[in-house]
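Here is a short tour of the chain, for reading with the structure open beside you. Follow along at your own pace.

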Amino acid sequence: MNELLLLAILFLGPLFLLYGLGVPVAIAMLSTSIVVMLVPGVGTGFDPGLINSRLFNGVNSFVLLAIPFYVLLGRLMNATGMTRDIFDVANAAVRQFRGGIAYVNVVASILFSGMSGLALADAAGLGRVEYSAMRDYGYERDISLGVTGSSALIGPIIPPSVPVILYAVLAEESIGQLFLGGILPGILLGLMLLAFVFLIVRKRGYDSGEPFSLRYLVRTLKSSVIALFIPIIIIGGLLGGWFTATEAGAVAVVYVIAYGFLSGQLTVGNLVDEISDATVETFSLTFIIASATVYGLVALQLGLPTLMAEEITALTENPTLILVLFVLMFLIIGTFMSVTASITILTPILIPIVELVGIDPVHFGIVMILALMVGTLTPPFGALLFVLEKVTDASLEQVIRSVVPFYIPILLALVILIFVPELVTYVPHTVMG
């Protein structure tokens, strides 16, 4: 235990110190790796050739090409007005229920999740529309913020998902299997949020929504059929064996660009701006991944995964209880570290332990991502909190108070996924074996 504690302090101490000082996570991981290499009697010595090799090989992967496509896809959907179309479809489908516009918020996020793959994209693009609509219908600020923020967590669970791609690359798992593994958990999370909204609506006595109109539903479906076809391209392509996850992203991007130009909602200037912004985001993500491969190598050289595995299995050999311990750790780490940084730092360390104790890596990946996503709604560094503050008329304090009650359905969904792994593994194992 003492040896593990000393190595953990040596390995994680400089990283958290640099991260806390505001150093970008990629630089912090590289710097920590070099420092550990130079420690006498512990490190293997500074080896520029090894570092260069790991940096290059860390991003020399075909599956990583999926990241720029899905990042760009979410941006282009906002630019072409598809976000509003998706909201209109959800509104036409469920607005007739009591408190209908609150249900619309969740359903729209579920639909948008099949296209964007990023929680921040959901909150920044669709979230602005959802919040404004709920306020216009007379909903209090707290429920409007809570539903908008919590429903954004569905984005990285239902495929496509950028965090899932990061995990798949670092864990050397199939993106296709992980994408399919996120379908039922994403739907579960959506249903839990809908049930929670139902209770709030009943308690506060909101009136019934607007009458259902089949004509309005048909009209919105016609106007948004282009947008709704995107999940069919991505998931249908994977299930049919027509595309890999990367190729599906590329096809979807070309599809949206073609629609944007033909409809007149996208210009060459807009496209260049979106590609430029997506390029910057992609570079940041790939640099983090490259640095994580060096960081993971140093962890292996120190024998940190092996020592952690020995300590954990000494406490219990029950895979479910071990997963519970990991989730508690993720919930804590997610409060002060971004999802991207957490995945890139923790995956290389934990995957050997996961495989040793018999936890399905696909199950582990989805549970890990959802647990870390809770941190995006948790102060002090929750990114979604700041996005909601920016796109709404609420202060940060109001945003924080509003989202806290919605931890209940999110954590309940997380507990169910921990103890019922088949919700994650059934679809990928049935479809892909």
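## Phe196 and its surroundings

Phe196 has a relative accessibility of 15%, which is under the 20% limit and therefore makes this residue buried. Please keep in mind that you are looking at a predicted model. The residue belongs to helix H11. Setting aside neighbours within four places in sequence, Phe196 is in contact with Pro405, Phe406, Ile408 and Pro409.

If you would like a sense of distance, try Val367: Phe196 and Val367 lie 171 residues apart in sequence, and their C-alpha atoms are 21 Å apart in space.

## Helix H11 and its partners

Helix H11 covers residues 183–204, and its axis comes within 7 Å of the axis of helix H22 (residues 422–432), with a crossing angle of roughly 140°. That angle makes H11 oblique to H22. Look for Leu184, Pro185 and Leu188 on the H11 side, where they meet Leu423, Val424 and Val427 of H22. Sorted by class, this contact of H11 with H22 has 6 nonpolar residues, no polar and no charged ones.

H11 also meets helix H6 (residues 100–113): the two axes come within 9 Å and cross at roughly 175°. This makes H6 roughly antiparallel to H11. From H6, the residues Ala102, Tyr103, Val106 and Ile110 meet Gly190, Leu193, Leu194, Val197 and Phe198 of H11. The contact of H6 with H11 divides into 8 nonpolar residues, 1 polar and no charged.

## Aromatic pairs

How many aromatic pairs are there? The count comes to 7. One of them joins Phe229 and Tyr255, whose ring centres are 6.0 Å apart and whose planes stand at 40°, so this pair is tilted. Because Phe229 lies in helix H12 (residues 214–240) and Tyr255 in helix H13 (residues 245–263), the pair ties together parts that are 26 residues apart in sequence. Phe229 counts as partly exposed, at 39% relative accessibility, and Tyr255 counts as partly exposed as well, at 23%.

Phe326 and Phe364 form an edge-to-face pair, with 5.9 Å from centre to centre and 75° between the planes. This pair links distant parts of the chain, as Phe326 sits in helix H16 (residues 319–333) and Phe364 in helix H18 (residues 361–374), 38 residues apart. Are these two rings buried or exposed? Phe326 is buried, with a relative accessible area of 3%, and Phe364 is buried too, with a value of 0%. It is worth displaying their neighbours, since ring pairs link Tyr167, Phe326, Phe330 and Phe364 into a cluster.

## Two buried serines

Ser33 is placed in helix H2 (residues 25–38), and its relative accessibility of 0% means that Ser33 counts as buried. Which residues does Ser33 touch, not counting residues up to four places away in sequence? They are Val294, Tyr295 and Val298. Gly269 makes a useful far marker: its C-alpha atom is separated from that of Ser33 by 41 Å, and the two residues are 236 apart along the chain.

Ser291 is found in helix H14 (residues 268–302). With 0% relative accessibility, Ser291 counts as buried. Again leaving out residues up to four places away in sequence, Ser291 touches Ala26, Met29, Leu30 and Leu55.

## Helix H5

Helix H5 runs over residues 82–94, and at 1.5 Å a residue its 13 residues should span 18 Å. The C-alpha atoms at its ends are 19 Å apart, which agrees with that expectation.

H5 is mostly covered, with 11 of its 13 residues buried. The buried residues of H5 include Met82, Ile86, Phe87, Val89 and Val94, and also Thr83, Asp85, Asp88 and Asn91.

## Glu172 in a loop

To finish, turn to the loop between helix H9 (162–171) and helix H10 (175–181), which is the place of Glu172. What is the phi of Glu172 near? Phi is near 55°, a positive value in a residue other than glycine.

Is Glu172 buried or exposed? Its relative accessible area is 71%, which is over the 50% limit, so Glu172 is exposed.

Terms used: Residues are numbered from 1 along each chain as its sequence is written. This is a predicted model: local features need pLDDT of at least 70, side-chain atom pairs count only at pLDDT 80 or more; totals for chains, interfaces and linings use all residues. Side-chain values use heavy atoms; hydrogens and water are left out. Helices (H or I, at least four residues) and strands (E, at least two) are DSSP runs, numbered from the N terminus. Buried means under 20% relative accessible area, exposed over 50%, partly exposed in between (1.4 Å probe, protein chains only). Axes are lines fitted to C-alpha atoms, for helices over the stretch in contact, and angles run from 0 to 180 degrees between N-to-C directions. Angles under 35 degrees count as roughly parallel, over 145 as roughly antiparallel, 65 to 115 as roughly perpendicular and the rest as oblique. Contact means heavy atoms within 4.5 Å. Ala, Val, Leu, Ile, Met, Phe, Trp, Tyr, Cys and Pro count as nonpolar, Asp, Glu, Lys and Arg as charged, and the others, Gly among them, as polar. The expected span of a helix is 1.5 Å times one less than its number of residues. Rings of Phe, Tyr and Trp (its six-membered ring) pair if their centres lie within 6.5 Å; planes under 30 degrees apart count as stacked, over 60 as edge-to-face and the rest as tilted.
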